[in-house]
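Biologist: I would like a close look at one part of this model, with its surroundings described carefully enough that I can follow them on the screen.

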Amino acid sequence: MEFAKLHGLGNSYVYLNLLGDGGPSARGEGGQGSGGERPVPPGALDWAHLARAVSDRGTGIGSDGLILILPSQVADARMRIFNADGSEGEMCGNGIRGVGKVLYDRGLVRSRHVRVETLAGILALELFPEDGRVQRARVQMGRPILEPARIPARLGDGRAPVLEVRLEGEEAVVTPVSMGNPHAVLFVDDLAKAPVQEWGPRLEHHPAFPNRTNVEFVAVRDAATLQMRVWERGSGETQACGTGACAAAVAAHLTGRAGREVAVHLPGGILNVRWDDSDVVWLEGPVEEVCQGRLDVEWLRRRGLLRP
Ligand SMILES: N[C@@H](CCC[C@H](N)C(=O)O)C(=O)O
């Protein structure tokens, strides 16, 4: 089974192309079963288990999760994203740009405008290639969801954008936002001192967030510049998070801290976010392919990843 590893600002995923008509294998770059083995049928794999195994930086490939590219009846492709702990996310702003790159670079789509089905709806991408390979992509992320019941967040009276969560004696003030997946945004003065490793997991698993949550720690540099560190649901602290950058931009504007267009500076680089007048959020940033390879069947067997 062929894989590719891509990242957007250091937020990395292992991609499997399950379209059945191409990907790394069909483009003469190794070929599924090119070693004479029979390809592993996708139905033989447990995706949550595989996500944990490939994400492991010691015994796997090393990534923040696993992304499947699947056929869609309603778009160019369907994306499923599994975090490093095997949980499935509804959306991934960095990962979806990688889906666009895989589709375009391998000639599986001809247009620079691609639509991808996700658990958060069908999202449109604009791809920016150079010499036939996508370097950057812009995603129309849709409208942010702010009603606590739909985030879901069991907080406040259902209207206030700023809510308080009790953390064993301490009080965290968060702005919950869903970009299809849940986020809790906290504003801090000094990002270097932000308790990402301590509060991140506690907020992720706090009963106020019944589906758990991603957590963003944000310092406002000026009305057009945010600095952010992120604790991702199911993956821990990562170098960047696309949906998280969008949630941070929405929360910053909602609370009067920033305008509608911001550059979000993350440990892995810069994402540009715009929340337009029609309530739609746009995310733009780089995407890069790291490598391609083939999952070893013995490795899959030894880890009990192949269903009989
Ligand atoms: N890194 C992603 C988000 C991946 C899913 C997230 N951890 C979740 O469980 O919601 C991004 O770039 O948006």
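Biologist: Taking helix H4, how many of its 13 residues are buried, and is the helix largely enclosed by the rest of the structure or exposed?

Modeller: Please keep in mind that this is a predicted model. Helix H4 covers residues 242–254, and at 1.5 Å a residue its 13 residues should span 18 Å, which agrees with the 18 Å that separates its end C-alpha atoms. Of those 13 residues, 11 are buried, so H4 is largely enclosed by the rest of the structure. The buried residues are Gly-242, Thr-243, Gly-244, Ala-245, Cys-246, Ala-247, Ala-248, Ala-249, Val-250, Ala-251 and Ala-252. Just after the helix, Gly-256 takes a positive phi of about 75°.

The start of H4 brings us to the ligand, since Gly-242 and Thr-243 are among the closest of the 18 residues that surround it, together with Gly-89, Asn-94 and Asn-181. H4 supplies at least two residues of this shell, as do strand S4 (77–83) and helix H2 (93–105). By class, the shell holds three nonpolar, 13 polar and two charged residues. Domain 1 (2–142 + 288–302) and domain 2 (148–279) both contribute residues to the shell, so the ligand lies between them.

The UniProt record, an unreviewed entry, also marks this region: its "binding site" annotation includes Gly-242 and Thr-243 as well as Asn-94, Asn-181, Asn-214 and Arg-233. Asn-181 sits in the loop between strand S10 (170–178) and strand S11 (182–187), and it counts as buried because it has 28 C-beta neighbours inside 10 Å. Leaving out residues up to four places away in sequence, Asn-181 touches Thr-243 of the helix, and its other contacts include Gly-89, Ala-120 and Asn-214. Arg-233 belongs to the loop between strand S13 (225–232) and strand S14 (236–238), and with 26 C-beta neighbours inside 10 Å it too counts as buried. Beyond its neighbours within four places in sequence, Arg-233 is in contact with several residues, including Asn-83, Gly-89, Glu-204 and Asn-214.

The same unreviewed UniProt entry lists Cys-92 and Cys-241 under "active site". Although these two are spread over 150 residues of sequence, they cluster in space, with a largest C-alpha distance of 7.7 Å. Cys-241 is found in the loop between S14 and H4, and its 36 C-beta neighbours inside 10 Å make it count as buried. If neighbours within four places in sequence are set aside, Cys-241 is in contact with Asn-11, Asn-94, Asn-214, Val-230 and Glu-232. Cys-92, for its part, lies in the loop between strand S5 (88–89) and H2, and it also counts as buried, having 29 C-beta neighbours inside 10 Å. With neighbours within four places in sequence again left aside, Cys-92 is in contact with Gly-242 and Thr-243 of H4, and with Ile-81.

For contrast with these buried positions, you might look at Gln-73, in the loop between strand S3 (65–70) and S4, which has 6 C-beta neighbours inside 10 Å and therefore counts as exposed.

Conventions. Residues numbered from 1 in each chain as written. Predicted model: local features only at pLDDT ≥ 70, side-chain atom pairs only at ≥ 80, totals over all residues. Helix = DSSP H or I, 4+ residues; strand = E, 2+ residues; numbered from the N terminus. Expected span 1.5 Å × (residues − 1). Buried ≥ 20, exposed ≤ 12 C-beta atoms within 10 Å, placed from the backbone. Near = placed C-beta within 6 Å. Nonpolar A, V, L, I, M, F, W, Y, C, P; charged D, E, K, R; others polar. Domains from an automatic or database assignment. UniProt positions renumbered as here; feature names shortened; annotations may be inferred. Contact = placed C-beta atoms within 7 Å.
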